[in-house]
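Student: I should like to understand how the descriptive terms for a protein model are justified. Could we take the terms one at a time and set each value against its definition?

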Amino acid sequence: MSNENSTINRPPKARRPRSFSLVSYLDTFQVQDVLLKHDKQIRAYCYIEHDRDCDENGEIKPRHIHILIRTIQGRTVSDICNWFSGFFDDKGLGINTLGQEMHDISNSYLYLTHSTPQALEEGKYQYSPNDIFTNDREYFEKASYNDEDNITLAVSE
């Protein structure tokens with residue numbers, strides 16, 4: 001059998017980004033515990049509890065927490081979501097944490113308080129920046145400036 005055939009049958013390698021955006025239905029103490037447990041693997045994190053969001057009918061949505069994580073090394077999205085698994089509600093059902101790769105750190109950070117142009121246009125509840133818990137506020141607040149620097153550096157190289 002040639003090497004060409006063996007590479008065709010391999011599953012694609014999972015992406016290993018370093019920036020993640022998650023929505024969790026854990027409580028803030030559980031989120032804090034997970035973040036502390038994985039502190040050595042995290043460059044920066046922030047999170048906010050949303051308890052005043054309304055659906056299209058004006059009903060309050062279930063309380064949830066938005067979490068942004070920047071890891072030191074690349075990880076898969078499922079790795080990061082698994083950090084938040086193993087928690088159960090009072091009925092014995094697993095509590096969900098959903099995640100995805102974060103492509104725009106500054107916009108994701110603005111969304112925590114519903115300060116993005118789209119959230120403002122939609123009239124979403126405005127959370128206070130003081131409601132954001134983080135280990136490095138400056139990292140997230142300066143993300144757009146850093147992104148521009150990285151793009152300029154990449155183009156110049």
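The dialogue below goes through the sheet, the burial classes, the contacts and the pocket.

Tutor: This is a predicted model, in which local features need pLDDT of at least 70 and side-chain atom pairs count only at pLDDT 80 or more, while totals for chains, interfaces and linings use all residues. Residues are numbered from 1 along each chain as its sequence is written, and side-chain values use heavy atoms, with hydrogens and water left out.

Student: What makes β1 and β3 paired strands?

Tutor: Two strands pair if DSSP finds at least two bridges between them. Strands themselves are DSSP runs of E with at least two residues, helices are runs of H or I with at least four, and both are numbered from the N terminus. Six bridges join β1 to β3, so the criterion of at least two is met. These two strands run antiparallel, and V23 has H66 of β3 as its bridge partner.

Student: How do you know that β1 also pairs with β4?

Tutor: Five bridges join β1 to β4, and the two run antiparallel; the cut-off is at least two, so they pair. Within β4, G99 is the bridge partner of L22, and Q100 stands opposite S21.

Student: Why are β4 and β5 placed at the edges?

Tutor: The open sheet has five strands in the order β4-β1-β3-β2-β5, with antiparallel pairing. β4 and β5 (133-134) each have a single partner strand, so one side of each is left without a neighbour in the sheet.

Student: Why is H114 called buried?

Tutor: Buried means under 20% relative accessible area, exposed means over 50%, and partly exposed lies in between (1.4 Å probe, protein chains only). H114 has 1% relative accessibility and therefore counts as buried. This residue lies in the loop between α4 and α5 (117-121).

Student: Which class does H103 receive, buried or exposed?

Tutor: The relative accessible area of H103 is 67%, so this residue is exposed. H103 is placed in the loop between β4 and α4. Its C-alpha atom is separated by 7.2 Å from that of S19, 84 residues apart along the chain.

Student: What makes C54 partly exposed, and why does C81 count as buried?

Tutor: C54 has a relative accessible area of 43%, and is therefore partly exposed. C81 has 16% relative accessibility, so C81 counts as buried. The structure holds zero disulfides, the term being reserved for a pair of cysteine sulfur atoms within 2.5 Å.

Student: What makes the approach of E101 to R15 a polar contact?

Tutor: The term requires a pair of N or O atoms within 3.5 Å; within protein, one must be able to donate a hydrogen and the other to accept it, and residues adjacent in sequence count only if both atoms are side-chain atoms. The side chains of E101 and R15 make such a contact at 2.7 Å. E101 belongs to strand β4 and, at 19% relative accessibility, counts as buried. In addition, a polar atom of the H114 side chain lies 2.6 Å from the backbone oxygen of Y125.

Student: Which residues are closest to the centre of the largest pocket?

Tutor: The largest pocket has a volume of about 560 Å³. Of its 26 lining residues, V23, H66, Y111, H114 and K124 are the closest to the centre. A pocket, on a 1 Å grid over the protein atoms alone, is an open set of points where a 1.4 Å probe fits, with protein on both sides within 12 Å along at least five of seven lines; lining residues have an atom within 4 Å of a point. The volume is the space filled by probe spheres set on the points, which are joined across faces, edges and corners.
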